[in-house]
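Work through the exercises below with the sequence and the model open. Try each task before reading its solution.

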Amino acid sequence: MIMHKDDILFVLRSSRSGFVSGAELAASIGVSRTAVWKYVKALEREGYCFEAVPSKGYRLTSSPDVIIISDVKQELRATTIGREIIHHAETGSTNTLAMDLAQKGAADGTVVIAEIQTGGRGRMGRTWASPRGNLYLSVILRPAVPVYKAPLITLTGAVAVATAVREHLGVPAGIKWPNDILVDGRKVAGLLTEMSAEPDRIRHIVLGIGVNVNMDMRELPPDVRRTATTLAAATGGCVDRTSFAKALLASLDRWYQCFLKNDADVVEAWKGLNVTLGSRVAVSGGGTMLEGLACGVDAEGRLILELDDGTLRQVAAGDVTIMKRKSDGRTQR
């Protein structure tokens, strides 16, 4: 039934005149006119509005804020990412589901999308608040690259998200190492990369992405709300999540192909989008805290930190806080 409802929506959206007769809808999707009527009523219960006119047929007049997977599939021209898309109204965690599917043999590039996560996860075991109105997806990847290059998948994903936001919405998104996407200094998206590997090969990687799109900020915990924003707030209006999902998947596919061909190009693109390098930062993780100048990333995506004594330290993982400079020249977090 879900497939037929998506097909009806696609046919109605594709109509140049707006109206499509019941007979045309029935013929397009291979069901009876009675079945078409039942599907339309089911869609109305989900929040879609239609105008029905005798001799003209049906016209879609408004849609709820849901991701229309059939539209995404119809228009996406994927080399790898997005050839298979699995959509859930609700799941515990798209990353958990994707890891399970990967272990069962799901194809390279399979995407899992959910409207709501009840157990969304962030880095270092944190909870990722996942209310309705955002975009939550995980991509199964099976790159034929050495294990040591796996961290570059996070950089690749970050470049793809920031690029999609910039190109599709005209919003100047930047990247804070290693996995935060910022708009005006506030977090609008984050990434979580998980891997199953042997010492000499990658079995699979799951790249999880959460983007704050249209959610009501009041649904976030107060401490998160202070440092977060949404694409709707950045653009001044509700964002079409279906259209943005298409743009993001296309960007992910494009940058993944770039990573496979020449990962150095991804690192250079990351440097051009970053908001970390050149700043004094504090990096915490593993029970340690380092402070210094973020002066680069190496070929494997590790942050290069110049400490106060002039020594260089490579950091593979951690939380970065960009230090703010006070009026007296000192820095504060």
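The exercises cover strands, salt bridges, backbone angles and cysteines. The model is predicted, so local features need pLDDT of at least 70 and side-chain atom pairs count only at pLDDT 80 or more, while totals for chains, interfaces and linings use all residues. Residues are numbered from 1 along each chain as its sequence is written, and side-chain values use heavy atoms, with hydrogens and water left out.

**Exercise 1. Give the strand order of the open seven-stranded sheet and find its edges.**

Step 1. Take the elements from DSSP: helices are runs of H or I of at least four residues, strands are runs of E of at least two, and both are numbered from the N terminus. Two strands pair if DSSP finds at least two bridges between them.

Step 2. The order reads E3-E4-E5-E9-E8-E7-E6, and the pairing is mixed. Strand E3 (85-91) and strand E6 (174-176) are the edge strands, each pairing on one side only.

Step 3. On average, neighbouring strands of this sheet are turned by 20° against each other, direction ignored. Axes here are lines fitted to C-alpha atoms (for helices, over the stretch in contact), and angles run from 0 to 180 degrees between N-to-C directions.

Step 4. At the E3 edge, E3 and strand E4 (residues 111-117) run parallel and are joined by six bridges. Thr91 has Gln117 of E4 as its bridge partner.

Step 5. Helix H9 (residues 241-261) lies across E3, E4, strand E5 (135-141) and strand E9 (201-211), at about 25° to E5. Contact means heavy atoms within 4.5 Å.

**Exercise 2. Which strands pair with E10, and in what sense?**

Step 1. Strand E10 (residues 280-285) runs antiparallel to strand E11 (residues 288-297), with six bridges between them. One of the bridge pairs is Gly285 with Thr288 in E11.

Step 2. The hairpin of E10 and E11 has two residues between the strands, and Gly286 takes a positive phi near 65° there.

Step 3. E10 also pairs with strand E14 (residues 319-322), antiparallel and over four bridges. Here Ala282 is partnered by Thr321 in E14.

**Exercise 3. Describe three of the salt bridges and how exposed their residues are.**

Step 1. Count a salt bridge where a side-chain nitrogen of Lys or Arg is within 4 Å of a carboxyl oxygen of Asp or Glu. The structure holds 18 of them. For exposure, buried means under 20% relative accessible area, exposed over 50%, and partly exposed in between (1.4 Å probe, protein chains only).

Step 2. Glu198 and Arg201 meet at 3.3 Å, N to O. Glu198 is partly exposed at 28%, and Arg201 is partly exposed at 40%.

Step 3. Lys271 and Glu268 form a salt bridge at 3.4 Å, N to O. Because these two are three residues apart in helix H10 (residues 263-273), about one helical turn separates them. Lys271 is partly exposed at 32%, as is Glu268 at 48%.

Step 4. Arg280 and Asp308 meet at 2.8 Å, N to O. Arg280 is in strand E10 and Asp308 is in the loop between strand E12 (303-307) and strand E13 (312-315), so the pair ties together parts that are 28 residues apart in sequence. Arg280 is partly exposed at 23%, whereas Asp308 is exposed at 61%.

Step 5. Lys176, Asp180 and Lys187 belong to one network of salt bridges that share partners.

**Exercise 4. Which residues are joined by a cis peptide bond, and where do Ser55 and Asp184 lie?**

Step 1. The cis bond joins Trp177 and Pro178, with omega about 0°. Pro178 sits in the loop between E6 and strand E7 (180-183).

Step 2. Ser55 is not a glycine, yet its phi is positive, about 75°. Ser55 lies in the loop between strand E1 (49-53) and strand E2 (57-62), and is exposed at 82% relative accessibility.

Step 3. Asp184, also a residue other than glycine, has a positive phi near 55°. Asp184 is in the loop between E7 and strand E8 (186-198) and is exposed, with a relative accessible area of 72%.

**Exercise 5. How many disulfides are there?**

Step 1. Apply the rule that a disulfide is a pair of cysteine sulfur atoms within 2.5 Å.

Step 2. The count is zero. For Cys238, the nearest cysteine sulfur is that of Cys49, 15 Å away.

Step 3. Cys238 is exposed, at 65% relative accessible area, whereas Cys295 is partly exposed, at 39%.
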